[in-house]
Amino acid sequence: MGNVLAPVLNLQRPLRRQEPLTNPGSFDELHRKCKEVFPQQMEGVKLILNRYLNKHFQVSHTVHMSTVGQSSYHFHTTYVGDRQLSPTETFPMLVGDMDSCGSLNAQVLHLVAERIRTKAVFQTQQARFVTWQFSGELRGDDYTATLTLSNPDMLSQSVIVVAHFLQSVTSRLVLGGEMLYHRRPGEEGAIVTLAGKYTARKWVATLNIGYGGAHASYYHKANEQVQVGVELEANTRLQDTTFAFGYQFNLPPANVVFRGECGAGPAPTRAGGCPGLCQPRPGGRASPGPLDPQTPCPHSASSHLPQHGCVVLAGADWDLD
């Protein structure tokens, strides 16, 4: 009986080529894609006048008139250097803002090395210092580590230390966490928060969950003209939950961007931060600065809407260039 030679079938599936891992970005920007859809919260009338003195220096004047709150005037200056990493990242950068009461908000951002970034934030309320904050960020090929030191006081032995870490697990999934340590006379403690972000082709889902509560956001890009975002934030200490739905319509023929928001309860902070730290939100159309010092600290009382009911906000941007 002869031997029959048959071709051997290769039943193994071809290996899928894995996409290379990229840097996950900063911890404070986890919810950035969603919060960019929401309009800036304000009431009354605001007039902004920008002037570019040269390619490095920019000044702006802002007048806010209100019948509910206090009217104010802000003088804003921005200086950027020559090292540009992206359209919104130029180093070094100095940003300053002073209001009509004499309060100052200043920030300094500097690229120490190719992967190391530093930032210093100073805030005064009239003639009194209220915030001095220093942070350093290390960006690897697929991870980001940040350490922040806020309001250190050797005399009263008080300090706030925050550590962030993000790791790209796959090309679409990012996992990480935050640890906050605070110390002052008679009080000391730490809070740990876990975070995750999944990025698909047309949507992004983000979740922060910890001892103090949870913050979830969802962003969806329907097409080139329509984008929507949903945010849900629960605070276990205050026994409070907030919800917000935002949308953005782009009308390229008319050079108009329309944003609207509908929410219930206090407005979500949309800033993935910690109490006691001032973490300005990314700026809007003002170029090239990615930070806007005129934005109040997300944990201040002025950044919240009424406690009950539904609030609807809407706004539009016209580009007259």
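Q: How is a contact between Arg183 and Glu188 to be read here, and what N to O distance does it show?
A: The side chains of Arg183 and Glu188 meet in a salt bridge, with 3.3 Å from N to O. This distance is taken from a predicted model. The assignment holds because a side-chain nitrogen of Lys or Arg has to lie within 4 Å of a carboxyl oxygen of Asp or Glu. Arg183 is partly exposed, with a relative accessible area of 33%.

Q: How many salt bridges does the structure hold?
A: The structure holds eight salt bridges. One of them joins Arg139 to Glu137, whose side chains meet at 2.7 Å, N to O. Another joins Glu224 to Lys221, where the closest N and O atoms are 3.6 Å apart.

Q: Is Arg139 buried or exposed, and is Glu137 buried or exposed?
A: The reading rests on relative accessible area: a residue counts as buried under 20% and as exposed over 50%, with partly exposed in between. Arg139 has a relative accessibility of 16%, so it counts as buried. Glu137, at 12%, is likewise buried.

Q: What is the accessibility of Glu224 and of Lys221?
A: Glu224 is exposed, its relative accessible area being 55%. Lys221 reaches 29% and is therefore partly exposed.

Q: Which residues are linked in a network of salt bridges?
A: A network of salt bridges links Glu29, Arg32 and Glu36.

Q: Let us turn to strands. How many bridges join E2 to E3, and in which direction do the two strands run?
A: Strand E2 covers residues 57–65 and strand E3 covers residues 72–86; eight bridges join them, and they run antiparallel. To locate the register, one may take His64, which stands opposite Ser72 in E3. The connection from E2 to E3 is a hairpin of six residues.

Q: What joins E3 to E4?
A: Strand E4 spans residues 89–99; 10 bridges join E3 to E4, and the two run antiparallel. Within this pairing, Thr77 stands opposite Gly96 in E4. Here a hairpin makes the connection through two residues.

Q: What should one expect of the side chains along a regular strand?
A: Side chains in a regular strand alternate between the two faces of the sheet. With that idea in mind, one may inspect the surface of this model. Val45, Leu47, Val63, Met65, Tyr73 and Phe75 form a nonpolar patch there, with about 530 Å² of accessible area together.

Q: Which strands supply residues of the nonpolar patch?
A: Strand E1 (45–52), E2 and E3 each supply at least two residues of the patch. Tyr73, one of the patch residues, is found in strand E3. At 32% relative accessibility, Tyr73 counts as partly exposed.

Q: How many aromatic pairs does a search of the whole structure find?
A: The search finds eight aromatic pairs. Among them is the pair of Tyr143 and Phe165, whose centres are 6.1 Å apart and whose planes meet at 25°. The pair counts as stacked because planes under 30 degrees apart are classed in that way.

Q: Which parts of the chain does the pair of Tyr143 and Phe165 link?
A: The pair links distant parts of the chain, 22 residues apart: Tyr143 lies in strand E8 (residues 143–153) and Phe165 in strand E9 (residues 158–168). Tyr143 is partly exposed at 28% relative accessible area, and Phe165 is partly exposed at 38%.

Q: What is the geometry of the pair formed by Phe245 and Tyr247?
A: The ring centres of Phe245 and Tyr247 are 6.2 Å apart and the planes stand at 40°, so this pair is tilted. Phe245 counts as partly exposed, at 32% relative accessibility. Tyr247 is partly exposed too, with a relative accessible area of 22%.

Q: Which residues do ring pairs link into a cluster?
A: Ring pairs link Phe245, Tyr247, Phe249 and Phe258 into a cluster.

Q: Finally, how many disulfides does a search of the whole structure find?
A: The reading requires a pair of cysteine sulfur atoms within 2.5 Å. A search of the whole structure finds zero disulfides. As for the setting of individual cysteines, Cys34 is buried, with a relative accessible area of 2%, whereas Cys262 is partly exposed, at 29%.

Methods: Residues numbered from 1 in each chain as written. Predicted model: local features only at pLDDT ≥ 70, side-chain atom pairs only at ≥ 80, totals over all residues. Heavy atoms only, no water. Pairing = 2+ DSSP bridges. Helix = DSSP H or I, 4+ residues; strand = E, 2+ residues; numbered from the N terminus. Buried < 20%, exposed > 50% of the residue type's maximum accessible area, 1.4 Å probe, protein only. Patch = residues over 30% accessible without salt bridge, like charges linked within 9 Å, V, L, I, M, F, W, Y side chains within 5 Å. Areas by Shrake-Rupley, 256 points an atom, 1.4 Å probe, with all protein chains shown as cover. Phe/Tyr/Trp six-rings, centres within 6.5 Å; stacked < 30°, edge-to-face > 60°.
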